[in-house]
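Me: I have a model open and want to learn how to read it. Can we go through it feature by feature?

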Amino acid sequence: YGKQKKETITGSVATVKGADLVKSPAMNLSNSIAGRMSGVIAVNRSGEPGYDGAGIRIRGSNTLGNNDALIVIDGIPARAGGIDRLNPNDIETISVLKDASAAIYGARAANGVILVTTKRGKEGKPELTYQFNQGFAQPTTIPKLSETLKTWSPQTRHNLQLNGGSEGLRYMASLGYQNQDAYYKNSATGFKQYDMRINLDAKINEYIDLQIGVLAR
């Protein structure tokens, strides 16, 4: 699809940086978007681990049937898994295209487009980063006569990231782990995820640049 400068796009574009998304304790990235961009509404209808993704609407619903926005990750549309289970530590920016700005994606962009750009390597010495987040979730209402529910449910996230490179080769490697427990005691509905991302940028010669992106989840 190529790239465009924001100033040359006719229409409205809202952007949020990955550094802001990391601050959110939400385990599902779709829930971290809520309230951060104008015209974007995120509605979560489930708290079950693994099924707690938010339905995202950009200025309402514009089609019958499927009203979801088109998710484009590093230039590739409709990737398996969508935005829900991306590691927020891997995100550089998320941009939402509204109105005519989404027209280049055709009919699938009728409900808007969400562009996700992941981090790339930067020239310099290798930089190793480790991040840890421990959170606790609580139901809005707990029935007084239900002994099967916990008062609090723990959720944990770890991320190890390596970034660096030279003029000829830049790299970004990320390893992530998250564990989200449910509200039931002795629950069988918890969610665990391991993810790995490797982004490589190489300058072959004066005329050829090579980009490689690998994601495992």
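**Reading the model**

Reply: Start with burial across the whole chain: 35% of its 217 residues count as buried. Keep in mind that this is a predicted model.

Me: How much surface does the chain expose, and what share do carbon and sulfur atoms supply?

Reply: The exposed area is about 12,700 Å². Carbon and sulfur atoms supply 55% of that area. For overall dimensions, use the C-alpha trace, which spans about 70 × 45 × 25 Å along its principal axes.

Me: Which secondary structure elements does the chain have?

Reply: Count them, then read their order. The chain has two helices and 12 strands. From the N terminus, the order is β-α-α-β-β-β-β-β-β-β-β-β-β-β.

Me: What share of contacts joins residues far apart in sequence?

Reply: Take the contacts between residues at least 6 apart in sequence. Of these, 60% join residues at least 24 apart.

Me: Now strand pairing. How do strands 9 and 10 run, parallel or antiparallel?

Reply: Look at the direction, the bridges and the connection. Strand 9 (residues 153-165) and strand 10 run antiparallel, joined by 11 bridges. The connection is a hairpin through three residues. For one bridge, find glutamine 161: its partner in strand 10 is serine 174.

Me: How many bridges join strand 10 to strand 11?

Reply: There are 12, and this pair is antiparallel too. Here, glutamine 180 has phenylalanine 191 in strand 11 as its bridge partner.

Me: Phenylalanine 191 has a ring. What lies over its face?

Reply: With a ring, check for a charged group above the plane. Arginine 85 lies over the face of phenylalanine 191, 4.0 Å from the ring centre.

Me: Let's take a single residue, glutamine 193. Is it buried or exposed?

Reply: Locate it, then check its accessibility. Glutamine 193 is in strand 11, residues 191-203. Glutamine 193 counts as buried because its relative accessibility is 5%, and the cut-off for buried is under 20%.

Me: Which polar partners does its side chain have?

Reply: Look for both backbone and side-chain partners. A polar atom of the glutamine 193 side chain lies 3.1 Å from the backbone oxygen of arginine 85. The glutamine 193 side chain also makes a polar contact with the side chain of aspartate 195, at 3.2 Å.

Me: What else does glutamine 193 touch, leaving out residues up to four places away in sequence?

Reply: Its contacts are Arg85, Gly176, Tyr177, Gln178 and Arg217.

Me: How many aromatic pairs are there?

Reply: The count is one. Tyrosine 177 and tyrosine 194 form it, with ring centres 4.9 Å apart. Then read the angle: the planes are 40 degrees apart, so the pair is tilted, as the tilted class lies between 30 and 60 degrees. Tyrosine 177 is in strand 10 (residues 169-180) and tyrosine 194 in strand 11, 17 residues apart.

Me: Are these two tyrosines buried or exposed?

Reply: Check each one. Tyrosine 177 is partly exposed, at 22% relative accessible area. Tyrosine 194 counts as exposed, at 56%.

Me: Last, backbone angles. Which sign of phi should I expect?

Reply: Most residues other than glycine have a negative phi.

Me: What is the phi of aspartate 74?

Reply: Positive, about 50 degrees, although aspartate 74 is not a glycine. Aspartate 74 is in the loop between strand 4 (70-73) and strand 5 (76-77). With a relative accessible area of 29%, aspartate 74 is partly exposed.

Note on methods:
Residues numbered from 1 in each chain as written. Predicted model: local features only at pLDDT ≥ 70, side-chain atom pairs only at ≥ 80, totals over all residues. Heavy atoms only, no water. Helix = DSSP H or I, 4+ residues; strand = E, 2+ residues; numbered from the N terminus. Buried < 20%, exposed > 50% of the residue type's maximum accessible area, 1.4 Å probe, protein only. Polar contact = N/O pair within 3.5 Å; in protein donor to acceptor, adjacent residues only side chain to side chain. Contact = heavy atoms within 4.5 Å. Phe/Tyr/Trp six-rings, centres within 6.5 Å; stacked < 30°, edge-to-face > 60°. Lys NZ or Arg CZ within 6 Å of the ring centre and 35° of its normal. Areas by Shrake-Rupley, 256 points an atom, 1.4 Å probe, with all protein chains shown as cover. Pairing = 2+ DSSP bridges.
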